[in-house]
Amino acid sequence: MGGNHILYFNFFTIGALIPVVFHFLITVFFLSIPEKSRATFHLGVAFFLITLFNFAYVISSSVYHPMAAYHRWLTVGVIMLAETHYTLFLFNYPNPGRLKTERLLQIPHYLVSFLVTGIFIWGCLHSDIIYHFDGHYWDFAAEHISKGVGVVLGLYLVPFTVIFIYKVVLVSGRERFVILFMGIAYLVGSLIPAVANTISREGLIDRELFQIIWAMVNIFAFFFLAIIYINNTRDESTFMAKIAGISMVAFLVLLQGISYFALNDKELAYDEIHRQMSHRIVSTEDYRPAQLAYVAAYDQATGKVALSYRDKGLRMDKDRIRRHLESSLFLATILDDHGTGRFRQILTWARRRTDHLTGYIRNLAEFAAGQGAFLSSSEMKGHLAKLDFYVAYYRRKIRHIPASGFRKGLEAFLNSGKAVLPNFNVALWDELADSKADGGLLKSEIMSQVQPLRPAGDRFYRKSSANDQHAVSFVQHANSAPGRIYELGFSYAAYRQYIHPAATKMILLLFGLILFALAGFRLFFLGTFIYPMQRLVEGVKRVDRGDLNVAVPVRAADEIGYLTEAFNRMVDSIKQSNKALNDTRLYLKNIIDSMPSVLIGVDPAGHVTHWNQEAERISRIDEDQACGAAIEKLIPQFNAYLENLHKAIRNREPQKIEKVAYQMAGETRYSDIIVYPLIANGVKGAVVRIDDITSRVRFEEMMVQSEKMASIGGLAAGMAHEINNPLGGILMAAQNIERRVSPDLKKNREVAEETGADMELIADYMEKRGVKKMVAGILEMGQRASDIVANMLNFSRKSEARASTHNVNDLIEATIELAANDYNLKKQYDFRHIHIVRDYEATLPMILCISTEIQQVFLNILKNSAQAMADKSYHNESPQIRIRTAREGDMARVEVSDNGPGMPEEVRKRIFEPFFTTKEVGTGTGLGLSVSYFIVTENHGGQMAVSARAGKGTKFIIKLPLMD
Amino acid sequence: METSDIHILVVDDEAVVNINLSGYLEDEGFTVFSAASAEEALELIDQQRIDVGIIDMRLPGMDGNALILKAYHKQRAMKFLIHTGSTNYSLPQSLIELGLGEAQVLRKPVSDLSILPRMIYEMFSMDDNK
């Protein structure tokens with residue numbers, strides 16, 4: 001056949017392609033992981049390099065051309081880098097190592113790899129290309145350098161092993177075992193094929209077995225490693241990928257076996273066909289099939305080989321064929337004859353000067369002599385099988401001795417303990433002694449001594465010395481003529497073509513299975529597994545995002561169906577507990593919001609976590625805005641008490657700050673602040689409770705006021721009697737004096753006449769000396785003292801007057817009228833200059849009161865305002881009193897506010913105290929407002945309060961109980 | 001009835017009050033007797049016809065109320081004006097039964113003594129200008 005075709009698939013192609021596919025798929029799997037860790041990256045790269053490595057084997061076993069030898073450059077080039085990345089992978093697992101250290105590891109590894117690869121390439125360029133028939137592949141005759149590469153590869157395991165042991169010792173927990181198993185898998189996956197490769201090169205196992213070991217160990221060990229890693233990495237992966245991966249590995253291993261047996265059968269068939277062909281060729285002159293390459297015929301009588309070529313390009317080594325045919329004939333004769341003649345037969349052969357059989361003859365003669373006269377053919381066969389093993393060993397050892405310095409190399413081998421066949425040793429020593437040659441020539445002479453004794457019908461291969469063509473050869477005995485034997489060579493390419501279709505089908509099957517596993521599995525599992533799983537995962541993702549309105553439909557009552565049902569139930573129960581939680585939360589919020597206190601939850605940093613409705617109301621800040629803000633930003637008056645907050649949290653003791661005064665809407669208000677630390681386990685922070693106690697403080701003020709009034713009342717009552725008696729005396733005396741110095745009184749004139757005085761003169765005198773005025777002064781002063789006592793008695797004396805029903809608005813109007821006409825008031829300030837604003841609630845119910853008293857109260861207030869406003873100078877406004885009445889619950893509320901000067905807080909506090917006055921001494925008694933207060937609170941069961949802002953005005957608030 | 005025919009008894013233990021009250025009424029033309037205690041007053045009532053008694057309530061020994069009751073039993077025609085410094089004085093039932101009312105109560109200090117003769121004349125339905 002022509003050299004048109006060079007690509008022929010065979011068992012070795014499949015054997016290498018399976019690891020290619022396997023490693024490539026894992027590479028894709030790892031490198032396609034988004035946001036992968038560095039460990040994953042290095043593992044992916046390592047798997048990719050192993051993919052390339054195996055692909056090189058695909059080339060070498062499929063390409064029937066010497067150029068295929070260059071595949072070695074690829075294998076050597078990537079294997080060290082692959083080991084480097086496995087080491088880096090382990091370095092970065094389970095946690096990424098220091099990048100600097102990683103570079104420190106990687107750079108020397110890479111440098112050595114490049115250097116060794118360079119040396120190997122250089123070595124290859126200076127080596128021959130040879131064809132290995134046992135593996136059907138091309139290679140460089142670069143044994144030494146290949147061994148060197150092997151050593152470097154072994155050394156590359158050292159850093160891996162060091163990191164491996166280091167990590168196994170230092171990493172604790174589950175990951176220790178992950179590392180342990182991955183490390184062992186890697187070492188097994190690297191060492192076993194390496195050892196198998198070495199022993200196959202040594203000739204102890206054949207290439208096919210190595211190929212199987214290589215593929216199986218490689219796939220199993222690295223699959224094991226990959227699966228352990230995938231199951232333990234934190235990188236993302238999918239379930240489907242794992243199922244497809246595991247299934248695929250099973251398929252690949254199965255296919256490896258199937259292809260081995262299928263292709264083995266194919267080869268057996270080939271052999272059988274060609275043995276039949278050989279038989280016909282030898283017996284029929286006319287039968288010459290197309291693939292027949294040559295016919296070699298040996299005649300024992302002449303000791304010559306006749307060679308006839310059908311393939312004109314071939315040139316076979318005639319001498320070698322002769323030696324082979326002789327050895328086949330030798331084998332046939334020693335096995336064919338009866339036992340008794342066997343020893344004689346061997347000796348006959350010894351006389352035939354078949355030099356290349358010396359070793360065998362010596363060995364067999366000794367064996368036959370040792371066995372005695374009778375030696376069965378099966379005993380002989382048993383011995384030959386053992387011998388064949390050792391001879392094959394010799395053959396491989398000697399083949400590996402380089403041609404240059406061959407003699408020395410062989411002598412070294414024969415002297416070493418490894419040369420275990422003494423008879424062969426003698427034969428080889430003899431050969432060495434006889435031959436003057438060295439190098440290649442001597443090597444081929446020696447090699448002929450250790451050729452196998454090939455039985456007729458066995459397939460073997462021959463290389464053409466003229467070109468890179470090969471032949472598949474069979475030995476065939478002549479049917480009728482003993483001593484005649486043939487060797488029939490068939491086209492090697494035809495042999496490969498014969499195997500190729502079967503191998504191609506296997507490869508197609510391989511890709512079919514991959515497709516099936518990748519796409520078919522998906523399709524196959526779509527309905528049963530992937531789709532329900534995706535729906536479930538979608539549901540889980542939605543719940544994960546917080547959407548609880550999820551119900552995944554259940555498709556089948558299998559495990560996924562159960563999972564889905566359980567998931568739906570769990571979502572339901574989450575929904576329910578969320579609702580319950582929310583209800584509880586709302587309920588608690590409701591409770592907290594219903595509290596009349598400001599309740600603020602804060603974290604230890606003082607940031608607000610809860611903000612109840614009262615807090616919203618008081619601060620006018622929404623809960624949403626308040627949460628997260630610092631409490632002192634929201635409630636500035638809290639600034640001074642931050643330390644109390646921290647103290648409460650630190651000491652786990654409530655902190656109470658009482659009666660904190662602050663200004664709000666122009667009035668002073670009071671709060672109690674209590675900080676309760678949260679003491680439940682795990683919760684840190686505090687609750688700040690702020691109670692508005694303004695009305696309580698006001699009430700207390702009022703109580704104090706009332707107490708004061710009552711005690712003054714008691715005092716006044718006691719004092720009044722004692723003061724009134726002397727006061728009566730003073731006033732009476734003054735009146736009598738006034739009368740008795742007057743000339744108008746008849747009695748005065750009579751007494752004056754009696755005493756010889758003139759009443760007119762006395763009156764004149766009195767007038768001139770101002771005595772009359774003085775007496776009038778006594779009367780006036782006495783009168784004023786009398787008024788004071790009478791006023792004070794208001795505090796004690798329950799008015800005798802009867803209460804009657806009145807309209808508050810009417811009472812106010814009457815009082816305003818009274819004020820306008822008040823002479824004393826007019827002296828200081830004309831009330832008519834004040835603008836009165838009336839804001840009356842027309843439908844106010846009647847009150848039960850003593851009208852004079854209530855009018856007195858209003859008058860006092862109006863007077864007070866008018867007097868106060870007199871002290872203020874107005875620029876842009878005019879004095880104004882606003883009177884507002886309104887219903888407030890079951891009280892009538894009267895507000896009298898002016899825009900006068902107002903008063904400071906300390907004045908406001910004391911304004912209802914008796915005798916407290918800011919006016920000049922003599923202007924007022926200081927009792928007006930306190931009497932008013934007494935009238936409202938004691939006599940009418942009402943309330944009276946005042947609020948004021950300095951500079952802005954004063955507001956009196958009176959509340960009186962309504963009739964209904 | 002002449003003004004001087006009206007006999008008035010002023011009972012007050014406070015000398016200044018007693019002198020001034022008596023003095024004022026004498027100046028008005030009334031016949032005035034004075035006593036510093038109830039006992040002294042009763043002695044006088046036994047000896048003299050008294051038309052009007054102006055009586056302080058708080059007296060050493062027997063008080064004004066008892067004095068009025070005793071005096072009334074001595075002279076049924078006698079009229080009374082109560083002159084008191086007590087702020088919480090209220091007429092006892094026994095005196096109300098004698099026909100006394102709030103109009104007959106003068107509270108100290110009496111800042112205008114001119115009301116006294118008016119009240120007396122009123123009792124006797126006399127024109128004060130007589």
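Let us start at A:V305, a residue that touches A:A296, A:A297, A:Y298, A:K318, A:I321 and A:R322, leaving aside residues up to four places away in sequence. The model you are looking at is a predicted one. To find A:V305, look for strand β4 of chain A, which runs over residues 304–309. Is this residue buried or exposed? A:V305 has a relative accessible area of 11%, and because buried means under 20%, A:V305 counts as buried. There is also something to learn here about sequence and space. A:V305 and A:Y486 are 181 residues apart along the sequence, yet their C-alpha atoms are 8.9 Å apart in space.

Now let us move to the place where two chains meet. Chain A gives 23 residues to the contact and chain B gives 22 residues. How can we put a size on such a meeting? The size of an interface is often given as the accessible area lost when the parts come together. Here, chain A and chain B bury about 2000 Å² between them, and 49% of that area lies on carbon and sulfur atoms.

How many residue pairs are in polar contact across the interface of chain A and chain B? The rule finds 13 such pairs, with both residues at pLDDT 80 or more. On the side of chain A that touches chain B, the elements that give two or more residues are α22 (694–740) and α25 (771–793) of chain A. The largest share comes from α22(A), with 16 residues. Sorted by character, the residues on this side of chain A divide into 9 nonpolar, 9 polar and 5 charged.

Let us zoom in on the chain B side. B:D27 sits in helix α1 of chain B, residues 15–28. Across the interface, B:D27 touches A:R739, A:R740, A:L745 and A:K747. With A:R740 there is a polar contact from side chain to side chain, at 2.5 Å. B:D27 has a relative accessible area of 10%, so B:D27 is buried. A:R739 also meets the side chain of B:E28, this time in a salt bridge with an N to O distance of 2.6 Å. In total, 3 salt bridges are found across the interface of chain A and chain B.

Finally, a word on cysteines. A search of the whole structure finds 0 disulfides over all chains. What about the surroundings of individual cysteines? A:C849 is buried, because its relative accessibility is 0%, whereas A:C627, at 33%, counts as partly exposed.

How values were computed
Residues numbered from 1 in each chain as written. Chains lettered and ligands numbered in written order. Predicted model: local features only at pLDDT ≥ 70, side-chain atom pairs only at ≥ 80, totals over all residues. Heavy atoms only, no water. Helix = DSSP H or I, 4+ residues; strand = E, 2+ residues; numbered from the N terminus. Buried < 20%, exposed > 50% of the residue type's maximum accessible area, 1.4 Å probe, protein only. Contact = heavy atoms within 4.5 Å. Buried area = accessible area lost by both parts, 1.4 Å probe. Salt bridge = Lys/Arg side-chain N within 4 Å of Asp/Glu carboxyl O. Polar contact = N/O pair within 3.5 Å; in protein donor to acceptor, adjacent residues only side chain to side chain. Nonpolar A, V, L, I, M, F, W, Y, C, P; charged D, E, K, R; others polar. Disulfide = S-S within 2.5 Å.
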